[in-house]
Amino acid sequence: MKTEYRTFQFSLLAMAPIHIGNGEKYTSREFIYENGYFYFPDMGKFYNRMVENGYDRKFERFLQETKPSARNNRLISFLLDNRISDRNFGGYRIFETELETDNKQLRGGALNQVSKFMRDAFGNPYIPGSSLKGAIRTILMNTNPDWNNENVVKDKKENKSLIPWGAKKGQNYDDLFNAIRVSDSKPFSNESLILVQKWDCSAKTSLAKPLPLYREALTPGKIINFKITTTTKEAGELIEKLGEKAFEFYNDYKIFF
């Protein structure tokens, strides 16, 4: 198949909080909640400051405590108990929105762990191209793949055979997704993040269930900018219709839930 390179610039609007995790979590001993914000200090700088001021042994004992009370399990408790007013330890802050938890009485003090957002080498949040490509794949697998045939009836379930993808035993190699190259998003600032609780929502019931899971997430309304490069004519024609397919998928998703 003839190589035919095309590059597309895309901008996505975040309609809801978006969490792309890096597999790590902050514990309650690694962030501070006070005065309407969550402060995530650079723990390396924090420890060096404790050494400089003679608090290193106390801090080490604090970290080694295996059965602390709920009150003494938090970094803010260590600072207050030792009358440490300094809050300049690098890192970043995320301001409270009061949407962090369904427990309005405890509010930010109820968070014991926070799942971290994906970050680049400079500490800036971003969305990897693999995550964006996965979302694109989901859209294309759930919408009519034959963009030139308006009479094709769409299967309501995801059908992986609708678009050539991956090697198939006994068949010629035909991988349309291999001809679609998706870049990482442009990085965001930490001010673009909020903390949110995970909720389970089902089409079978109108009730949403809150879970004790908390995450850094991209704020709704933020713009996600990235590029898609295609290497074949067929892939280029498909990506030309991506906006239309995304809208179709969104409408089906909205109706289902």
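Which residue lies over the face of Tyr39, and at what distance from the ring centre? In this predicted model, Arg93 lies over that face, at 4.2 Å from the ring centre of Tyr39. The legends below begin with the sheet that holds this pair.

**View 1. Tyr39 and Arg93 face each other across a strand pair.** Arg93 belongs to strand S5, where Tyr39 stands opposite this arginine. The strands that meet here are S4 (residues 37-40) and S5, which pair in the antiparallel sense over 4 bridges. Another opposite pair along S5 consists of Phe40 and Tyr92. The residues of S5 divide between two faces: Tyr92 and Ile94 make up the covered face, while Arg93 and Phe95 make up the uncovered one.

**View 2. An open sheet of 3 strands, with S4 in the middle of the order S3-S4-S5.** The pairing in this sheet is antiparallel. At the edges are strand S3 (32-34) and strand S5 (92-95), each of which pairs on one side only. From one strand to the next, the twist averages 20 degrees.

**View 3. An aromatic cluster made of Tyr26, Phe31, Tyr33, Phe38, Phe40 and Tyr92.** These residues form one cluster. Two of its members, Phe40 and Tyr92, have already appeared as opposite partners in the pairing with S5. Tyr92 is also part of the covered face of S5.

**View 4. Asn35 and Arg83, two loop residues with positive phi.** Asn35 is placed in the loop between S3 and S4. Its phi is near 55 degrees, a positive value in a residue other than glycine. Asn35 has a relative accessibility of 69% and therefore counts as exposed. Arg83 is placed in the loop between helix H3 (75-81) and S5. Although Arg83 is not a glycine, its phi is positive, at about 55 degrees. With a relative accessibility of 78%, Arg83 counts as exposed.

**View 5. Phe10 and Phe226 form a stacked aromatic pair.** A pair of aromatic rings is described by the distance of the centres and the angle of the planes. The count for the model comes to 14 aromatic pairs. In the pair of Phe10 and Phe226, the distance is 5.7 Å centre to centre and the angle between the planes is 15 degrees. Phe10 lies in strand S1 (residues 6-13) and Phe226 in strand S10 (residues 223-230), so the pair ties together parts that are 216 residues apart in sequence. Are the two partners buried or exposed? Phe10 counts as buried, at 16% relative accessibility. Phe226 is buried as well, with a relative accessible area of 5%.

**View 6. Tyr47 and Phe59 form a tilted aromatic pair.** The ring centres of Tyr47 and Phe59 are 6.4 Å apart and the planes stand at 40 degrees, so this pair is tilted. Tyr47 lies in helix H1 (residues 43-52) and Phe59 in helix H2 (residues 56-64), so parts that are 12 residues apart in sequence are tied together. Tyr47 is partly exposed, at 30% relative accessibility. Phe59 is buried, with a relative accessible area of 2%.

**View 7. The charged end of Arg29 sits over the ring of Phe62.** The distance from this charged end to the centre of the Phe62 ring is 5.3 Å.

**View 8. Ser185, a buried residue in a loop.** Ser185 is placed in the loop between strand S7 (180-182) and strand S8 (193-200). Its relative accessible area is 7%, so Ser185 is buried. Leaving aside neighbours within four places in sequence, Ser185 is in contact with Tyr126, Ile127, Leu132, Ile224, Asn225 and Phe226. Phe226 in this list is the ring that stacks with Phe10.

**View 9. Helices H4 and H6 cross at roughly 75 degrees.** The axes of H4 and helix H6 (residues 242-256) come within 9 Å. The crossing angle makes H4 roughly perpendicular to H6. On the H4 side, the contact is made by Ile136, Thr138, Ile139 and Leu140. On the H6 side, it is made by Leu242, Lys245, Ala246 and Phe249. Met141 is placed in H4 (residues 129-141) and counts as buried, at 0% relative accessibility. Met141 and Phe249 are 108 residues apart along the chain, and their C-alpha atoms are separated by 9.6 Å.

Note on methods: Residues are numbered from 1 along each chain as its sequence is written. This is a predicted model: local features need pLDDT of at least 70, side-chain atom pairs count only at pLDDT 80 or more; totals for chains, interfaces and linings use all residues. Side-chain values use heavy atoms; hydrogens and water are left out. Rings of Phe, Tyr and Trp (its six-membered ring) pair if their centres lie within 6.5 Å; planes under 30 degrees apart count as stacked, over 60 as edge-to-face and the rest as tilted. Buried means under 20% relative accessible area, exposed over 50%, partly exposed in between (1.4 Å probe, protein chains only). A charge sits over a ring if NZ of Lys or CZ of Arg is within 6 Å of the ring centre and within 35 degrees of the ring normal. Two strands pair if DSSP finds at least two bridges between them. Axes are lines fitted to C-alpha atoms, for helices over the stretch in contact, and angles run from 0 to 180 degrees between N-to-C directions. Contact means heavy atoms within 4.5 Å. Angles under 35 degrees count as roughly parallel, over 145 as roughly antiparallel, 65 to 115 as roughly perpendicular and the rest as oblique.
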